[in-house]
Amino acid sequence: MREFKHGEINEFVDWHDTDGNIINASDGGIIFVDGKYHWYGMAFRDLPFCPGPNGGQMTDIGVVMYESTDLLNWKYEGVILEVNSDPESDLFGPMRFERPKIVYNDKTKQFVLWCHYVKYPGNHGKGYGEGDLGLAVCDSVNGKYKWLGFSKPQPDCFVRDMTVYKDKDGSAYLIYDKHVYLNGEDRCLHVIKLSDDYLSYTDTQKRIESATWREAPAVSYKDGYYYIVTSGLTGWNTNQAKAFRTKHLLDEWEDIGDPCIDDFTHTTFNTQSTNAFCVDGTDIQIIMFERHNTSNFLKSSYVWLPIEFNDNNTISLRYKKEWNLK
Ligand code: GAL
């Protein structure tokens, strides 16, 4: 076996857009539209404007987007959901649009963006607007998204990490880490089916009993099984990944353990999961991870790996410093 060098998986590699600027799109996703991949995420704050620990983890810009035809060269498309300078606005910055996810609704022909919303000044908490879901829509993938507000998917809860998954039949599901302070319930991932227009919650819901104290969900599907890769809850510090699988999104999910191979430090190769997506015209599915850099969030790094789907309906992830799609 190749000798493992710890430094290999500890480095922070800058990814640049076609203008030479660092790609600043945290914990978002990829949506493929008309032959182009669009990569979006929350833009972290630049260091000089946010001294102090973790000051860069909020945004004073918003959600930004980049486009590419080859997943390698990324052209900046601009801010699609903007922070606002009006102190009365939900979007007054700095704040957070954490883990934004965009899905296209075939019936309404709208792009629907959900995120974990945290109002100014962007601290997770127990108060109003400090742990909710934000919603915005747009008629084009890369236009200016219209803010529709924030809400809770279930009563008496705080929303932490989340994702949205569009299924084969066109229905969409929200998966989120439900944090309950009031009744001592364990933190746990929940699945909630969205309405047909993806703009509200339905009562079709499932608590993933096996996924207590997990976050950073990234969903993929292959040969009859849905998989979620998750992290534990250690904030920006990395920890061991754990995957779950199910045949039906609203059934029981089975814990299938850590999918990372040769991850000797049990840190998900020193990253945290973000999102998974399919490469058009191939069998390849890529899982996006991030290596957060709390001393300068703009210097966080992206790690994208191919998901290996095994014959026994499990998944494996192997660290690769470089790889290509062929
Ligand atoms: C992580 C979480 C991120 C962010 C961070 C701290 O655990 O996955 O989305 O919330 O904590 O702000």
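Student: Which residue in strand 2 is the bridge partner of Ile30?

Tutor: Trp39. Keep in mind that this is a predicted model, where local features need pLDDT of at least 70, side-chain atom pairs count only at pLDDT 80 or more, and totals for chains, interfaces and linings use all residues. Residues are numbered from 1 along each chain as its sequence is written, and side-chain values use heavy atoms, with hydrogens and water left out.

Student: What makes strand 1 and strand 2 a pair?

Tutor: Two strands pair if DSSP finds at least two bridges between them. Strand 1 (residues 26-33) and strand 2 are joined by six bridges and run antiparallel, so they pair. Strands here are DSSP E runs of at least two residues, numbered from the N terminus.

Student: And what does strand 2 do with strand 3?

Tutor: Six bridges again, antiparallel, with strand 3 at residues 62-68. Tyr40 has Met65 as its bridge partner there.

Student: How many residues of strand 2 are buried?

Tutor: Six of the seven in residues 36-42. Buried means under 20% relative accessible area (1.4 Å probe, protein chains only).

Student: Why is the Asp161 approach to the ligand called a polar contact?

Tutor: A polar contact is a pair of N or O atoms within 3.5 Å; within protein, one must be able to donate a hydrogen and the other to accept it, and residues adjacent in sequence count only if both atoms are side-chain atoms. A polar side-chain atom of Asp161 lies 2.5 Å from a ligand oxygen, so that qualifies. Glu215 also has a side-chain N or O atom 2.3 Å from an oxygen of the ligand.

Notes: Buried means under 20% relative accessible area, exposed over 50%, partly exposed in between (1.4 Å probe, protein chains only). Helices (H or I, at least four residues) and strands (E, at least two) are DSSP runs, numbered from the N terminus.
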